[in-house]
Amino acid sequence: MATILIIEDEPAMQLGLRDNLELENYTVHIASDGEAGLAHLKTGTYDLALLDVMLPKLSGFDVCKMARSAGIRTPIILLTARGEEIDKVVGLELGADDYITKPFSIRELLARVKAILRRNQPSVAQTASLVTIGRLVIDFDAFQAEENALEIKLSHKEFEVLAYLVKNKNQIVSRNDLLENVWGYGESITTRTVDNFIARLRQKIEFTPNHPRIILTAHGSGYKLVL
Ligand code: CA
């Protein structure tokens, strides 16, 4: 699961955010001022940072700007106070990925967190953007797939599913795993939808979809991509 850094000075807010994120199984680290936050961010080990704007020592804007100029690409969601409308624009210009205005509902925050983590998900793309699966060559960075130099049209979600399966290649990935990591909890789809989705994906990438060689079914448990 993802590791989230909270850079926030108000104890009540720290606690509330931490409890709710931990309930969702995220690992949470807290920094209580801008300097500490920047130092944490610079380790580059976080999947996401929630960054308050009004902070002691360094403002959230400064932290954001300095992290970006240090080459840190960790997604950042700014926590702005009501009435800081202009700040949001400034924040996004400084390289934040999103912002949320206090007071916010935990539900809304979790939705943003999941959306950003999902957007940044195909971590396969960061390590090996070009993957060869059988006769398929998939470029996860460019969202392109081809077979014998002919383009195969895959949807964004199909790339995401493939990226996740490639990341966990030669291991059984459960339907729930896929649901959780590719679709996210919030979306109203079922394990049945996953099966239908995989069946359609096989039509596109398998030589004989009824006898798959790439995405195997692990009966009763899920799927396994063989590489
Ligand atoms: Ca504050």
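Me: Which residues of strand β5 make up its covered face, and which its uncovered one?
Reply: In a regular strand the side chains alternate between the two faces of the sheet. In this predicted model, the uncovered face of β5 carries Tyr99 and Thr101. The covered face of β5 is made of Asp98, Ile100 and Lys102.

Me: In which sense do strands β4 and β5 pair, and which residue stands opposite Tyr99?
Reply: Strand β4, which spans residues 76-81, is joined to β5 over five bridges, and the two pair in the parallel sense. The residue that stands opposite Tyr99 of β5 is Leu78.

Me: Is Lys102 buried or exposed?
Reply: Lys102 belongs to the covered face of β5. Its relative accessibility is 12%, and the limit for a buried residue is under 20%, so Lys102 counts as buried.

Me: How far apart in sequence are the parts tied together by the salt bridge between Glu8 and Lys102?
Reply: Glu8 forms a salt bridge with Lys102, with 3.0 Å between the closest N and O atoms. Glu8 lies in the loop between β1 (3-7) and α1 (11-23), whereas Lys102 lies in strand β5 (residues 98-102), so the parts that this pair ties together are separated in sequence by 94 residues.

Me: Which residues are joined into one network by salt bridges that share partners?
Reply: The structure holds twelve salt bridges, and one of them is formed by Glu8, a buried residue with a relative accessible area of 0%, and Lys102. Through shared partners, salt bridges join into one network the residues Glu8, Glu10, Asp52 and Lys102.

Me: Which protein residues are the donors of the calcium ion?
Reply: The protein donors lie 2.1 to 2.4 Å from the calcium ion, two of them giving OD atoms and one an O atom. Along the chain, the donors follow the spacing D-x42-D-x1-M. They are Asp9, Asp52 and Met54.

Me: Is the calcium donor Met54 buried or exposed?
Reply: Met54 lies in the loop between β3 (48-52) and α3 (60-69), 45 residues from Asp9, and Asp9 is partly exposed, with a relative accessible area of 27%. Met54 has a relative accessibility of 58%, and the limit for an exposed residue is over 50%, so Met54 counts as exposed.

Me: Which helices hold Asp195 and Arg175?
Reply: Asp195 and Arg175 form a salt bridge, the closest N and O atoms being 2.6 Å apart, and both residues are buried. The pair links parts of the chain 20 residues apart, with Asp195 in helix α9 and Arg175 in helix α8.

Technical notes. Residues are numbered from 1 along each chain as its sequence is written. This is a predicted model: local features need pLDDT of at least 70, side-chain atom pairs count only at pLDDT 80 or more; totals for chains, interfaces and linings use all residues. Side-chain values use heavy atoms; hydrogens and water are left out. A salt bridge is a side-chain nitrogen of Lys or Arg within 4 Å of a carboxyl oxygen of Asp or Glu. Helices (H or I, at least four residues) and strands (E, at least two) are DSSP runs, numbered from the N terminus. Buried means under 20% relative accessible area, exposed over 50%, partly exposed in between (1.4 Å probe, protein chains only). Two strands pair if DSSP finds at least two bridges between them. Donors are N, O and S atoms within 2.8 Å of the metal (3.2 Å for Na, K and Ca); water is not among the atoms, so sites may look incomplete.
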